[in-house]
Each structure stands twice: as C-alpha cells, then as structure tokens.
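Q: Please take a close look at one part of this model. I would like the salt-bridge network and its surroundings, residue by residue.

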Amino acid sequence: MIEIQIVPSDIRRRVRYFFFDRRRVVIGICALSIILAGIIGSMAAAPTVIRRVYKSNYLTSMRHERAIQNERLHENVMQMSSLEKSLDEHRIRVEKLITVYGLDRSLGTGGFSIPLSRGDKEGLELDDARHRELSLRHAMRRLQDQLDLLAKYEQANTELVRHTPSILPLPADQFVLTSPFGIRISPFTKQSDFHKGLDLSAPTGTAIFAAADGEVSFAGRYPLSQSIAWWRFGNVVVVNHSDRFITIYGHCDSVKVQKGQHVKQGDVIATVGSTGWSTNSHLHYEVRTDLEQPGSYVPIDPRIYILNYQWPHEAALLMRSRTSKEYKDLDPLPTAFLGRRRV
C-alpha cells in the first residue's frame with residue numbers, strides 16, 4: 001500500500017490522503033510508460049511527418065504553377081495561331097502580286113506554319129512553342145523582303161501597275177461564282193470543255209467595273225457571220241490594258257462605253273445581263289495576257305489577279321497557276337478585240 005498526503009499551505013484546510021494499492025501503482029506506471037513512449041515516438045517521427053507535409057504542399061504548389069504556365073503557354077499558342085493565319089493571308093496576297101507582276105517567284109514559295117500536337121493543354125511542349133515562334137519570325141522577315149521587292153517594283157513601274165487588272169469586276173456582295181476557270185461540263189453540250197474565264201452570277205443591271213486602266217477596244221455584239229463562238233457571248237466589252245492584258249466582259253445587258261474610250265480602274269463600263277448563250281443573268285469575265293506567249297493572248301485564271309476579294313483555297317490556285325497551263329481549245333481573239341497595238 002502506498003499513501004500520499006497532500007498538505008495545503010493554509011493550516012486551516014485539512015490534509016488530503018490518497019491510498020494506492022500495488023495493482024493501481026502498476027497500472028499507473030504502465031500508463032505513464034505508454035504516454036512517455038508515445039511522446040518520444042512522436043518526437044522521433046516529427047521530422048519525417050514535417051518533410052512529408054512540406055513535400056505534399058510543395059508538389060501541390062508546383063502543380064498549380066504548372067497549370068498556370070500551361071494556360072499561359074496555351075494562350076500564347078492561340079495568339080501564334082492567329083498571327084500565323086494573318087501572316088498566311090498577307091503572304092497569299094503578296095504571292096498573288098508577285099505572280100501578277102511576273103517577279104521572282106522563288107520569294108513566294110513555301111509555307112511557314114509548324115503544327116503543334118493536338119493534345120490537351122498538358123501536352124503542349126515548350127520546345128514546340130519556341131520552334132513555332134522562330135518560324136513565325138522567319139516568315140515575317142521573308143514577308144518583309146517580299147513587300148520591299150513589291151514596293152520597289154511598283155515605284156519603278158507605276159504605269160504598268162495601273163494597267164494590270166487587279167479588282168473584282170462586280171460588287172463583292174452581289175455575285176456568286178457559278179463556273180470557275182478550267183475544265184468543266186458545258187451547260188449546253190453536257191461535254192467536258194475548257195472554261196476560259198469566270199461566270200459570276202448577279203442580278204440583271206448590276207454594275208460592271210473596269211478591272212484596270214485601259215482603252216475600250218470593242219463594245220457591242222460581235223457579228224455572227226464572223227464568229228459563232230464570240231457571237232454567243234452577247235453584248236461584250238473588251239478593254240486593252242497597255243497591250244499587256246486584255247479583259248473581256250460578256251453577256252452584258254447594257255454597254256456604257258464606246259470603242260476607243262479610255263477608262264480608269266473602277267469605272268462602270270456595262271451592266272450584268274443574260275444576252276447571247278446564257279442560262280441565267282451573269283457576267284462572263286476573262287483575263288488574257290501575252291506575257292508568257294508573246295503575240296498570243298492566252299487566258300489565265302482571273303482569280304489570281306483579283307486582289308480585293310479572297311477566294312477559297314487561294315494557295316492551291318496559286319500553285320496550280322504556276323505548274324499547270326490549261327491552254328486548250330482556245331478561240332483566238334478577233335483582231336477587233338486587240339485594238340491599236342502600241343509599238
């Protein structure tokens with residue numbers, strides 16, 4: 001038996017007595033031992049626990065930071081994609097000008113878009129983004145070189161530039177392309193033939209504009225006795241552009257100009273109609289040039305020469321215009337269409 005006395009400092013208070021038998025003492029000692037062991041174990045494990053908590057918090061912070069960086073990278077990639085699209089549009093426009101002017105086409109070849117993997121934001125690689133940025137910088141330098149070349153050419157050849165067909169002959173919001181340049185099925189014979197221009201469907205009376213400065217070499221209906229093929233185009237206006245280009249506007253409803261009249265780019269020269277062999281009201285528009293075959297005006301795809309309107313798949317049109325010359329079943333231009341040749 002163990003006796004414990006608690007004597008208060010105040011003598012007026014009584015002494016308190018506690019009695020413990022051996023069983024209680026053993027239980028108390030065991031409990032204290034367990035508590036002490038727990039405290040010592042906790043102290044020993046504390047560094048490991050602290051390290052684990054720190055590591056967990058650090059990894060959580062790093063994941064959050066990575067998510068933020070990936071989001072920023074994704075935004076930068078989207079901006080680069082937008083810039084690529086804009087650069088591509090400018091590049092195609094510049095390449096069209098290079099083609100129109102007959103300048104060094106090697107400056108206008110090749111693409112610059114480098115695709116990234118199409119995974120989620122977590123899959124975007126920083127190296128890919130840097131590679132893409134370098135490619136964009138290279139494309140911008142090349143585009144600037146092209147612009148400098150064009151600026152020098154236009155400054156030195158202002159007269160030729162004014163006589164180069166380069167605008168849409170109809171209002172951009174008032175036509176539908178119903179038959180492009182190239183091989184097609186004729187709506188009359190149902191046989192394959194070579195369409196030498198564009199058929200632009202528009203309401204009767206829609207204004208037709210001169211594509212460039214020039215002189216009207218023909219205006220009216222070509223005589224049936226001289227050519228059935230050209231008679232079928234109904235009322236026709238033909239403009240000679242400094243003997244380098246000839247533009248033809250067929251199936252007109254009314255003609256607003258006369259032979260020998262000088263016109264400026266954008267002048268109204270006729271209105272859309274359905275005269276001659278025509279299934280609906282439309283403009284047949286041709287561009288012919290003797291730049292590639294001197295003395296013989298051959299048709300070229302007018303879409304390449306229209307700079308104030310964007311056609312679908314213009315890059316493919318450019319490539320085809322450089323590699324394929326579809327001069328088939330050509331009706332030679334009548335002498336009346338050529339006008340007065342300049343020497």
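A: What follows starts at the network and then moves outward to neighbouring topics.

The model is predicted. Its structure holds seven salt bridges. Glu159, Arg162, Asp213 and Lys264 are linked in a network of such bridges.

Begin with helix H3, which spans residues 158–162. Glutamate 159 and arginine 162 both sit in this helix. They are three residues apart, about one turn of the helix. Their side chains form a salt bridge, with the closest N and O atoms 2.5 Å apart. Glutamate 159 is partly exposed, at 43% relative accessible area. Arginine 162 is also partly exposed, at 34%.

Arginine 162 has a second partner in aspartate 213. That salt bridge has an N to O distance of 2.3 Å. Aspartate 213 lies in the loop between strand S7 (207–209) and S8, while arginine 162 belongs to helix H3, so the pair ties together parts that are 51 residues apart in sequence. Aspartate 213 counts as buried, because its relative accessibility is 8% and the cut-off is under 20%.

Now follow the chain into strand S8. The strand covers residues 214–221, and six of its eight residues are buried. S8 pairs with strand S9 (residues 235–241) in the antiparallel sense, over six bridges. Within that pairing, glycine 220 has valine 236 of S9 as its bridge partner. S8 is also joined to strand S11 (residues 262–263) by two bridges, again antiparallel. There, glutamate 215 is partnered with histidine 262 in S11.

Another salt bridge is worth setting beside the network. The side chains of lysine 96 and glutamate 314 meet at 3.1 Å, N to O. Lysine 96 lies in helix H1 and glutamate 314 in helix H6 (residues 314–323), so this pair ties together parts that are 218 residues apart in sequence. Lysine 96 is buried, at 3% relative accessibility. Glutamate 314 is buried too, at 9%.

Helix H1 runs over residues 22–101. Isoleucine 39 lies in this helix. Its relative accessible area is 45%, so isoleucine 39 is partly exposed. Leu32, Ile35, Ile39 and Met43 form a nonpolar surface patch. Together they have about 440 Å² of accessible area.

Two further buried polar residues complete the view. Histidine 251 is found in strand S10, residues 245–255. It is buried, at 4% relative accessible area. Its side chain reaches the backbone oxygen of threonine 275 at 2.6 Å. Beyond four places in sequence, histidine 251 touches several residues, among them Arg232, Phe233, Trp277 and His284.

Glutamate 286 lies in strand S13, residues 282–289. This glutamate is buried, with a relative accessible area of 0%. A polar contact of 2.8 Å joins its side chain to that of histidine 284. Outside its sequence neighbours up to four places away, glutamate 286 touches residues including Lys196, Trp230, Phe233 and Pro302.

After S13 comes a loop. Leucine 291 is found there, between S13 and strand S14 (298–300). It is partly exposed, at 43% relative accessibility. Leaving aside neighbours within four places in sequence, leucine 291 is in contact with Arg244 and Phe245. The C-alpha atoms of leucine 291 and phenylalanine 245 are 8.3 Å apart, with 46 residues separating the two along the chain.

Definitions and conventions: Residues are numbered from 1 along each chain as its sequence is written. This is a predicted model: local features need pLDDT of at least 70, side-chain atom pairs count only at pLDDT 80 or more; totals for chains, interfaces and linings use all residues. Side-chain values use heavy atoms; hydrogens and water are left out. Helices (H or I, at least four residues) and strands (E, at least two) are DSSP runs, numbered from the N terminus. Buried means under 20% relative accessible area, exposed over 50%, partly exposed in between (1.4 Å probe, protein chains only). A polar contact is a pair of N or O atoms within 3.5 Å; within protein, one must be able to donate a hydrogen and the other to accept it, and residues adjacent in sequence count only if both atoms are side-chain atoms. Contact means heavy atoms within 4.5 Å. Patches are made of residues with over 30% relative accessible area and no salt bridge: like charges are joined within 9 Å, nonpolar side chains (Val, Leu, Ile, Met, Phe, Trp, Tyr) within 5 Å. Accessible areas come from the Shrake-Rupley method with a 1.4 Å probe; for residues, only the protein chains shown count as cover. A salt bridge is a side-chain nitrogen of Lys or Arg within 4 Å of a carboxyl oxygen of Asp or Glu. Two strands pair if DSSP finds at least two bridges between them.
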